[in-house]
2 protein chains.
Amino acid sequence: MQLTNAARPATFEVEALNERGEMVPTSIAGEHPLTLYLDKREIVTLMTLGHAPEALVLGYLRNQRLVGSIEDIAAVQVDWDTDSAAVTTRRRSTRGLKQKMARRTVTTGCGQGTVFGDLMEEIAHVTLRDDLRLADAQLFDLIEKVRRHETIYKQAGAVHGCALAQCTGPAAAEILMFVEDVGRHNAVDAIAGRMWLEGIDGSDKIFYTTGRLTSEMVIKCTQMRMPFLVSRSGLTRMGYEIAHRVGLTMLGRASGRHYLVFTGAHRIERTAPQPTAFA
Amino acid sequence: MQLTNAARPATFEVEALNERGEMVPTSIAGEHPLTLYLDKREIVTLMTLGHAPEALVLGYLRNQRLVGSIEDIAAVQVDWDTDSAAVTTRRRSTRGLKQKMARRTVTTGCGQGTVFGDLMEEIAHVTLRDDLRLADAQLFDLIEKVRRHETIYKQAGAVHGCALAQCTGPAAAEILMFVEDVGRHNAVDAIAGRMWLEGIDGSDKIFYTTGRLTSEMVIKCTQMRMPFLVSRSGLTRMGYEIAHRVGLTMLGRASGRHYLVFTGAHRIERTAPQPTAFA
């Protein structure tokens, strides 16, 4: 596959005036329009940080089910001079595109607001692996690693982060990818795109997001076959209901050594030493 | 105008398992699909908390410029049995609808992700009032009032809040409306809808949001002619650039007695007593 590598700088510096009347240099997040063309047909304009635009475009096409297989894609060419991403398929395998694009749902999530067609029907047929467990010690390790990652990279405070993670020991987890974007659905799609490109199986992975657990977040996690979805934020009722229906293990308010398991609690094991009272 | 009054409960209680293995009742935000029909034509499905669905629908139609005047609307009927909002116009004044809907932009913002047509061109012709000033003492009063409002009403932690505010004295501001939604663009649109319905002029008002200042947030604030946009969060580069271009006074990181003015600093006056060092 032909693939550009057109990441943009994540932050820019501007001057701002603070409450004491002082000019302070301040980092702000990039935000760029990126218009996606699939075989020269305009699909959508995404507003993105531009951290991983090729992966974003691939993940968008995958999660919207606009292209069936990664093998169908011949090229992804991102050009910031024209703010465009041109995707070329091999077999013009985009039948039914018109129909898929006819029904729009403007979703709750940050970032992308468009879900075409019948994703809900599709995930009704997904079965998530049920032989896996996540120990709280592994979860705490993941939370700590995300915290350290953000300490290093987070500057502008207007972005959402998503991580793909894996357990690597009885009390250890590793971040495999970390993507930030101004819209958190872009971050999810960029991870999906890289997984698609690299042929990574999601069925034993953990998905972490800084953002809220809305219906769309749960749908995308399920599409990627991931049994674990972790957020430091809260959730919505539809997110809860869909997670319950598909049997996803969904944790919210995960921070430090705290968390709440909302659904799929049977996959969580408490193995970490419990803090003593007043410790 | 015929108008239903079909607000839904904002939060629901579910049981969650915490890190100590205890079941804790937890409030989660509602999230409901609401499909908007304009003269029986399906426009979009919004995912919403359902706090102010009629205002949301009106504001959506206004901010997307799908209906030109509030007088053109004969009825807004929200029916949660069918998750639908039926809007009827008087004059079938929705010419050019097809064309407007052809170009979609999936924006960065939380919530709604769709901007039709050429809003950017439209706001290029907006002139915001330049004879108004916002004193820091008024701003601090507004921040404190938002904080108190949220202390009372915020339960589920998965919602964004927006407020329409007005200065009422040299060190005083009042909240005129406060709307929460799972997507913050829904909250903005609901405020726009109520302003439209009640004929409220935005040109001397302050718009407050808990969410980030992205391009779409700045565009909507400008459409409502408001010269002041305040957020407790950060901003993006496009938000910054558009605010700069239209001459909006944009403040980020507004919390307690702190803020950063990014654009339009000439409208901000420092009148509050300055805290002494080490105070």
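Strands are DSSP runs of E with at least two residues, helices are runs of H or I with at least four, and both are numbered from the N terminus. This is a predicted model, in which local features need pLDDT of at least 70, side-chain atom pairs count only at pLDDT 80 or more, and totals for chains, interfaces and linings use all residues. Residues are numbered from 1 along each chain as its sequence is written, and chains are lettered from A and ligands numbered from 1 in the order in which they are written.

**Exercise 1. Place G264(B) in its chain and decide whether it is buried or exposed.**

Step 1: G264(B) sits in the loop joining β15 (258–263) to β16 (268–269) of chain B.

Step 2: Count neighbours. A residue is buried with 20 or more other C-beta atoms within 10 Å of its own, exposed with 12 or fewer, and partly exposed in between, C-beta atoms being placed from the backbone. G264(B) has 21 C-beta neighbours inside 10 Å, so it counts as buried.

Step 3: List its partners. Contact means C-beta atoms, placed from the backbone, within 7 Å. Setting aside residues up to four places away in sequence, G264(B) touches G247(B), L248(B), T249(B) and M250(B).

**Exercise 2. Work out how α1(B) and α5(B) are oriented to each other.**

Step 1: Axes are lines fitted to C-alpha atoms, for helices over the stretch in contact, with angles from 0 to 180 degrees between N-to-C directions. Those of α1 (residues 53–63) and α5 (residues 184–198) of chain B come within 6 Å and cross at roughly 90°.

Step 2: Classify the angle. Under 35 degrees is roughly parallel, over 145 roughly antiparallel, 65 to 115 roughly perpendicular and the rest oblique. α1(B) and α5(B) are therefore roughly perpendicular.

**Exercise 3. Do the same for α6(A) and α7(A), then describe their contact.**

Step 1: The axes of α6 (residues 215–223) and α7 (residues 237–246) of chain A come within 7 Å and cross at roughly 25°. The pair is therefore roughly parallel.

Step 2: S215(A), M217(A), V218(A), I219(A) and T222(A) of α6(A) meet M238(A), G239(A), I242(A), A243(A) and V246(A) of α7(A).

**Exercise 4. Describe the length and surroundings of α5(A).**

Step 1: Helix α5 (residues 184–198) of chain A has 15 residues and reaches 21 Å from first to last C-alpha, close to the 21 Å expected at 1.5 Å a residue. The expected span is 1.5 Å times one less than the number of residues.

Step 2: Since 13 of its 15 residues are buried, α5(A) is largely enclosed by the rest of the structure.

Step 3: Just after α5(A), G199(A) takes a positive phi of about 65°.

Note on methods:
Contact = placed C-beta atoms within 7 Å.
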